[in-house]
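Hello,

Here is the structure I promised to pass on to you. Please have a look at it first, and then read my notes underneath.

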Amino acid sequence: MTGASVGGVSVAATAPAWLPAVESPLPMPGQSLRQGRLAPQRPPTSPRGMGWRRLLVLGPTAVLTAAAALGMTQVLRVGGLSVLDLVLLVLFVLLFAWIALSSVSAAVGFVALLGGSGTRLGIDPRGPLPLLGTRTALLMPTYHEDPARIMAGLQAVYESVAATGQLEAFDFFVLSDSRREEIATAEAGEFAALLARTGAHGRLFYRRRTDNTGRKAGNIAEWVQRWGAAYPQMLILDADSVMSGATLVRLASAVERNPGVGLVQTLPRVVNGQTLFARMQQFGGHVYGAVIARGVTWWHGSEGNYWGHNAMLRTRAFAAHAGLPELPGRKPFGGHILSHDFVEAALMRRGGWAIHLVPELDGSYEEGPPSLTDLLVRDRRWCQGNLQHGKVVGSAGLHWISRTHMLVGIGHYFTAPMWAMLMLVGLAIPLYHSDLVWDGFRLPGFSPLRYWAARDAERVAWLFAATMGVLFAPKVFGYIATVADADARRGAGGTLRAFAGMLVESVLAALMAPIVMFRQSRGVAEVLAGRDSGWEAQRRDDGSVPLSSLVRSYAGLSVFGALMGALAWAVSPGLALWMAPVVVGMVLAIPTVWLSSARTPGRWLRRHGLLCIPEELEPPPVLRRAAELRAAAATPRA
C-alpha cells in the first residue's frame with residue numbers, strides 16, 4: 001500500500017492492523033446454470049395463499065390486456081388487416097400488458113397500504129429493539145469514490161449502531177477496489193482518520209485488493225472466502241448508503257429468528273437531492289414508491305428480488321448458493337455477470353432460501369444520480385447487465401418468479417425501442433392507406449390523428465383513455481395513499497403542494513421521456529453490437545454539466561428532433577401534431593437537462609415547499625449526522 005501520513009502516523013505502518021487478526025474462510029463455490037433443481041420445500045415464511053395472490057395480480061392484468069387487444073383489433077379490422085396492422089397490434093398488446101402489470105400491482109399495493117399489512121418476519125418497526133445473539137458484518141465496497149465522503153457516511157452509521165447499545169454485535173469493513181494510487185492513498189489516510197475519531201480499532205477494518213476480478217460481486221466474494229465464517233449475517237452498503245442502527249438491529253434479528261430466510265431487503269429512500277432532477281426522483285420515490293413496493297411484496301412473497309445493497313443476508317446461504325459463474329462467450333454478453341444481485345437472489349431461492357422485501361421498515365437511505373446525464377451513464381451499464389440475463393433466465397431450477405424478475409429487467413430496456421416503433425408504425429399505416437395526393441413535398445390535409453379517429457372515433461378515444469389511465473394509475477394511487485397518511489402528507493408539503501409536485505414531476509418526466517427512449521434504444525443497439533459499457537465511478541453530489549458537455553451529448557438529438565419537426569410541419573400540420581410529444585422533448589433536450597441538473601431551481605422549489613420529502617423537513621438523526629460529517633470533510637483544512 002502506498003504510504004501516507006495522518007497526524008504523524010504512517011498509514012503504511014498501521015495497515016496490518018486494519019484487518020482481522022485471524023481469517024475465517026468460508027467456501028463460496030461457483031454455481032452451475034445448467035444443472036440444479038429448485039428446493040422442494042416452500043420457505044416457512046412464505047405467506048399463505050400465494051397462488052391466489054398471484055392470480056389476483058396476473059388475472060386482472062390479462063383481462064385488461066385482452067380487452068385492450070380486442071378493442072385495438074376492432075379498430076384495425078376496419079378496411080382489413082395488413083402486415084403493418086398486425087405489427088402495430090403486437091407492439092400495442094405487449095406494451096399495454098407491461099403497463100397493466102405495473103398498474104394492477106400498484107392497485108393491490110394501495111389496498112395493502114391503506115388496509116395495514118402488519119409486521120413481517122417478526123419485525124416491529126415501532127417496538128423495542130430486539131437483542132442480538134450473533135455477529136453481523138457491514139461491508140462497504142468502494143471503487144474510485146470520494147474517500148472523505150464515504151468515511152463520513154460510515155462514521156454516521158457506526159455512531160448510530162453504537163447508540164443502540166449493541167455495537168459489539170457489528171464489525172465494519174471498507175472493501176476497496178480502487179485502482180488509482182492517488183485514490184487508494186487518500187482512502188488509507190481517511191480511514192486512519194476515521195479510526196482516530198472513533199477509537200474503533202478491532203471493529204473497523206479496511207482492505208484494498210489489486211485484482212478486480214468480478215468487479216463488485218468479486219469484491220464481496222473475496223471477503224466471504226476470507227472472513228465470512230465469522231459472521232452469520234452480512235449487510236452490503238453502497239458508497240452513498242446510510243442506515244440507522246435501529247434498522248440494522250431489526251434486520252439482523254429478523255435473519256437470526258427466521259432460519260429459512262436468506263435475505264431481507266429494505267426499501268431504501270432516496271434522499272439528499274439538491275438538483276431539480278434529484279429532487280424529482282426522491283419525491284417520486286416518496287409518493288409512488290410505497291404503493292409500488294407494497295404491491296410487489298404482496299404477490300412476490302418469499303420470492304422477492306435483491307437490489308445489491310441495504311439488505312441483510314445470511315452469510316452461509318449466500319456463500320453456498322450465490323457464487324457466480326462466468327458466462328460463456330465474449331463481452332458484452334459473456335464474462336462476469338454485471339447485474340449480479342438479481343442472479344444472486346435467484347440462486348439463493350433455488351437453494352430453498354426465502355428472499356423477502358420489507359418496505360414498511362424505515363431507516364434505510366441512498367442517494368440518486370444528480371442529473372439525467374449521470375442516470376443515463378449508470379443506465380447504460382445496467383442495460384448491459386440486464387440484457388446479460390438473457391443467458392441466465394433459462395437456468396435450471398430457478399423459481400418462475402425469479403425468472404420473472406429477470407424478464408422484467410430485460411423488458412425494461414426493450415420497451416424504449418418498442419414505443420418508438422409503435423409511434424412510427426402508427427404513422428406508416430395512415431400513409432399506406434392514404435389516398436391523398438402529394439402536392440410537391442406537401443401532403444395537404446394529412447393527419448394520423450384524424451385517420452385513426454375516422455376508423456372508429458369512439459373506440460379510439462376509449463383506447464387512448466384506457467392507456468393513459470393505466471399508465472398514470474400508480475401515480476394516482478401513490479398520491480391518494482400519501483395524502484391519506486398524515487405524516488406522509490406533511491412530509492410532501494401538504495395536499496395541494498403534493499399535487500403540484502406530482503404535476504411538476506410528471507411534466508419533467510414527459511420532457512425527459514424522448515431523451516431516455518433514444519438513449520436506451522441506442523444502448524440496446526450498442527450491447528447487441530458487442531460494445532462493452534466499462535466500469536466507471538459515479539458522481540454523487542454535483543449534477544452541474546458544462547454547456548460544452550451538454551452540446552456534445554445532446555445537440556445531435558436536438559438537431560434531429562428539430563429537423564423531424566420541421567419536415568413533419570412541411571408535409572402537414574397534422575403530421576407535426578402526431579409527432580409533437582417526441583419532437584418537443586428532443587428539441588428541448590439541452591435546456592431540459594441543463595435546468596434539471598442545476599441546484600438553483602431545486603432550492604427554489606424547496607423554499608416553496610414543492611417536491612419535498614419527510615427526510616429533508618425533519619431529518620432523522622443518522623442523516624443529520626452524516627450531513628454534518630460530510631460538510632466538515634468538505635471544508636478546507638487550515
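Below is what I found, taken sheet by sheet and then around a few residues. Please keep in mind that this is a predicted model.

Let me start with the sheets. One of them is open and has seven strands, in the order β5-β4-β3-β6-β10-β8-β11, with mixed pairing. At its edges stand β5 (204–208) and β11 (354–357); each has a single partner strand, so one side of each is left without a neighbour in the sheet. On average, neighbouring strands of this sheet are turned by 20° against each other, direction ignored. If you would like a place to look at the pairing, try strand β6 (residues 233–236) and β10: they run antiparallel and are joined by three bridges. Q233 has R314 in β10 as its bridge partner.

There is also an open sheet of three strands, ordered β7-β12-β9, and its pairing is mixed as well. Here β7 (242–243) and β9 (269–270) are the edge strands, each pairing on one side only. Strand β12 (residues 364–366) runs antiparallel to β7, and two bridges join them. In this pair, V242 is matched with Y365 of β12 as its bridge partner.

Next, a pair of helices. Helix α2 (residues 50–77) and helix α8 (residues 276–300) have axes that come within 8 Å and cross at roughly 130°. That angle makes α2 oblique to α8, because it falls neither in the range of 65 to 115 degrees that counts as roughly perpendicular nor over 145, where roughly antiparallel begins. On the α2 side, the contact is made by M50, R53, R54, L56, V57 and L58, which meet W298, W299 and H300 of α8. By type, the residues of this contact are six nonpolar, one polar and two charged.

R54 leads on to the part I would most like you to look at. What does E303 touch, leaving aside residues up to four places away in sequence? Its contacts are P43, R54, R349, I355, H399, I401 and H405. E303 sits in the loop between α8 and β10 (311–314). With a relative accessible area of 3%, E303 is buried, because anything under 20% counts as such. Its side chain also makes a polar contact with the side chain of R349, at 2.7 Å. For a sense of distance, the C-alpha atoms of E303 and S160 are separated by 31 Å, and the two residues are 143 apart along the chain.

H399 belongs in the same picture, as one of the residues that E303 touches. You will find H399 in the loop between α11 (372–388) and α12 (400–433). Is H399 buried or exposed? At 11% relative accessibility, H399 counts as buried. Beyond residues up to four places away in sequence, H399 touches L38, R54, E303 and R349. R54 and R349 are thus listed among the contacts of E303 and also among those of H399.

Finally, a residue in another helix: F560 is in α16 (residues 547–571). F560 is partly exposed, with a relative accessible area of 41%. Its C-alpha atom is separated by 7.7 Å from that of M586, which lies 26 residues away along the chain.

I would be glad to hear what you make of it.

Best wishes

Methods
Residues are numbered from 1 along each chain as its sequence is written. This is a predicted model: local features need pLDDT of at least 70, side-chain atom pairs count only at pLDDT 80 or more; totals for chains, interfaces and linings use all residues. Side-chain values use heavy atoms; hydrogens and water are left out. Axes are lines fitted to C-alpha atoms, for helices over the stretch in contact, and angles run from 0 to 180 degrees between N-to-C directions. Helices (H or I, at least four residues) and strands (E, at least two) are DSSP runs, numbered from the N terminus. Angles under 35 degrees count as roughly parallel, over 145 as roughly antiparallel, 65 to 115 as roughly perpendicular and the rest as oblique. Contact means heavy atoms within 4.5 Å. Ala, Val, Leu, Ile, Met, Phe, Trp, Tyr, Cys and Pro count as nonpolar, Asp, Glu, Lys and Arg as charged, and the others, Gly among them, as polar. Buried means under 20% relative accessible area, exposed over 50%, partly exposed in between (1.4 Å probe, protein chains only). Two strands pair if DSSP finds at least two bridges between them. A polar contact is a pair of N or O atoms within 3.5 Å; within protein, one must be able to donate a hydrogen and the other to accept it, and residues adjacent in sequence count only if both atoms are side-chain atoms.
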